[in-house]
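Subject: Structure for you to look at

Hi,

Here is the structure I promised to pass on. Have a look at it first, and then read my notes below.

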Amino acid sequence: PRPIELLNSALAETATAREMIRVGRAVVHWFKMDLRTRDNRALHMASEKAREAGVPLIALYILSPQDFEAHLTSPVRVDFMLRTLQVLKRDLSSLDIPLWVETVDKRTQLPGRILELMTDWGASHLFANIEYEVDELRREAKLVRMLAGKGIAVEVAHDTCVVPPGQLKSGTGNQYAVYTPWFRTWIRFIHDNPILLELSDPPGRNPETAREVFSTLYDCDIPSAPETKRLEVDDAVKLCALWPAGEHEAAKRLEKFCEEDIGSYGKNRNIPAQQGTSSLSVHFASGTLSSRTAVRTARDRNKTKKLDGGNEGIQTWISEVAWRDFYKHVLVHWPYVCMNKPFKPEYSNIEWSYDNQHFEAWKKGLTGFPIVDAAMRQLHGMGYMHNRCRMIVASFLSKDLLLDWRMGERFFMENLIDGDFASNNGGWGFAASVGVDPQPYFRIFNPLLQSEKFDPDGEYIRKWVPELRGISGKAIHDPYGRGASDKASKAGYPEPIVDHKGARERALAAYKSGIERD
Ligand code: FAD
């Protein structure tokens, strides 16, 4: 069974037992990647339960070292998450709700520790939003059963997607593997089910007695990052200014984008030198903004008051936010795609390269392809990379260098501030032609043409590759091929590590022979 089915059966089997559980001395909301108080489905349910019973609501966040191996692999992401917890703690405290944060040694200890805490606090109900990754779903299924056996109800909510996974079926009753028909159905489904865009109220204030009864929970410290995930002080200061944390910042950014830039999103979104996109991915990834709020805010600005029709920029932006849902739906239906496997089995036979020099050059932004190098250096400088450039560097790694796409996928997770398992996997699957809705393998990005088209004046390249700032005109895209060799080499900029034309032929042959071998 798929992991989501394990969770569903655990919920079904325990339904009667859970219904009979009476509210104890407190109700708990377990925060995961939903670090906000506004429009948070499970938090709202928890708050309502606590209010009805007149007991306090306690908020819980648990870190395990395994989190740092899976989702929180990048130090910039860890830093953002810890800063977000500080904001969340302050916001909850203003409602007299304590946020209890702790770390367990192993992920497997988590269910046991939650049981201990619930028992200590006399809490009867644990609320949480569902995370759709495989290990998380299996863990939640176990938790539901284990706690029900001890008289504690685990109640879960679909929150992270606008449309919960599993709802959209093709005419033949199957999960869509292709985005465009899926998106048409997504729009129709939301239209037919307007409740999906109804926003949940933030939690209410805790009863006055909460601070007395649970006094020790209110001065819980937010831990610092483990040593291996700690940023240098200068980087931490820079990233804090670049990416202010917390739901208030997310709301401000959304408002500003909808006010100033969304109308021209369709025109500007592919130009990395411009601030043409929302830069909200970090907030979606940490849950400081719900995609429901984002889609609804954009829709309400459309003169049609619909998801489609009307302003082109608004429509396009909504269709991009929908990609997030799409990849989560894929993850739930075909969990193996996020477990290092290509969507189609024949793509498992491609013989990838593991050339370490090539990989190092790609990672450091020293490939001799200015647009690729600028993009990789943006990643190091900001913990973020423009979407167009993510496609360019992913195509370059998997096709021009024929390196195993999983190396790039992992490197992104280790360095992105917005690293999201499903979206990152989907993006890599698309670029390397191994995912559900890929570019055909014979469509290989030409980095030079991409550079000329999307960074025509070389503004983005000059920003991120200082060695090339002295090069003018079209030579910026290909200094060694366009008469700027002396300047480039004097400035220490490397020659191209592969010849694109030859690399393209090699990739075509490798993909073809891998697929045909099946
Ligand atoms: P906007 O253009 O303003 O879009 C709004 C939101 O829509 C984004 O914040 C994001 O949540 C969603 N979105 C837009 N495009 C996509 C897409 N192609 N797939 C999924 N969601 C999308 N996005 C992540 O959030 N985390 C990742 O780890 C990630 N890895 C990627 C890896 C590769 C190889 C590629 C090609 C794309 C990846 N993306 C990822 C998608 C996309 O690049 C980023 O979401 C986008 O660049 C974020 O910038 P923005 O918030 O300004 O986006």
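Let me start with the ligand. The residues of the shell around it divide into 12 nonpolar, 10 polar and 6 charged. Here Ala, Val, Leu, Ile, Met, Phe, Trp, Tyr, Cys and Pro count as nonpolar, Asp, Glu, Lys and Arg as charged, and the others, Gly among them, as polar. Please keep in mind that this is a predicted model, in which local features need pLDDT of at least 70 and side-chain atom pairs count only at pLDDT 80 or more, while totals for chains, interfaces and linings use all residues. Residues are numbered from 1 along each chain as its sequence is written.

In total, 28 residues surround the ligand (a residue is near a molecule if its C-beta atom, placed from the backbone, lies within 6 Å of it). The closest are Thr277, Ser278, Ser281, Asn424 and Gly427. At least two shell residues come from each of helix 12 (281-286), helix 14 (312-333), helix 17 (387-400) and helix 19 (421-431). Helix 19 gives the most, with 6 residues. Helices are DSSP runs (H or I, at least four residues), and strands are too (E, at least two), numbered from the N terminus.

Two of those shell helices also pack on each other. The axes of helix 17 and helix 19 come within 8 Å and cross at roughly 60°, which makes helix 17 oblique to helix 19. Their crossing is right-handed. Axes are lines fitted to C-alpha atoms, for helices over the stretch in contact, and angles run from 0 to 180 degrees between N-to-C directions. Angles under 35 degrees count as roughly parallel, over 145 as roughly antiparallel, 65 to 115 as roughly perpendicular and the rest as oblique. A crossing is left-handed if the near helix is turned anticlockwise from the far one by less than a right angle, and right-handed if clockwise.

Helix 17 has another partner in helix 16 (residues 370-382): their axes come within 9 Å and cross at roughly 115°, so helix 16 and helix 17 are roughly perpendicular to each other. This crossing is left-handed.

Towards the start of the chain, what is the arrangement of helix 1 and helix 6? Helix 1 (residues 3-20) and helix 6 (residues 134-148) have axes that come within 8 Å and cross at roughly 15°, so the two are roughly parallel. Helix 1 passes helix 6 in a left-handed crossing.

On the annotation side, UniProt lists residues 25-162 as "domain: Photolyase/cryptochrome alpha/beta" in an unreviewed entry (positions are in the numbering used here, feature names are shortened, and annotations may be inferred rather than shown by experiment). Over residues 25-162 the chain is 46% helix and 22% strand, and the end C-alpha atoms are 33 Å apart.

Two backbone details are also worth a look. Phi of Lys305, in the loop between helix 13 (291-301) and helix 14, is near 60°, a positive value in a residue other than glycine. Leu402, in the loop between helix 17 and helix 18 (405-415), has a positive phi too, near 55°. Lys305 is exposed, with 10 other C-beta atoms within 10 Å, whereas Leu402 is buried, with 23. Buried means 20 or more other C-beta atoms within 10 Å of a residue's own, exposed 12 or fewer, and partly exposed in between, with C-beta atoms placed from the backbone.

Best wishes
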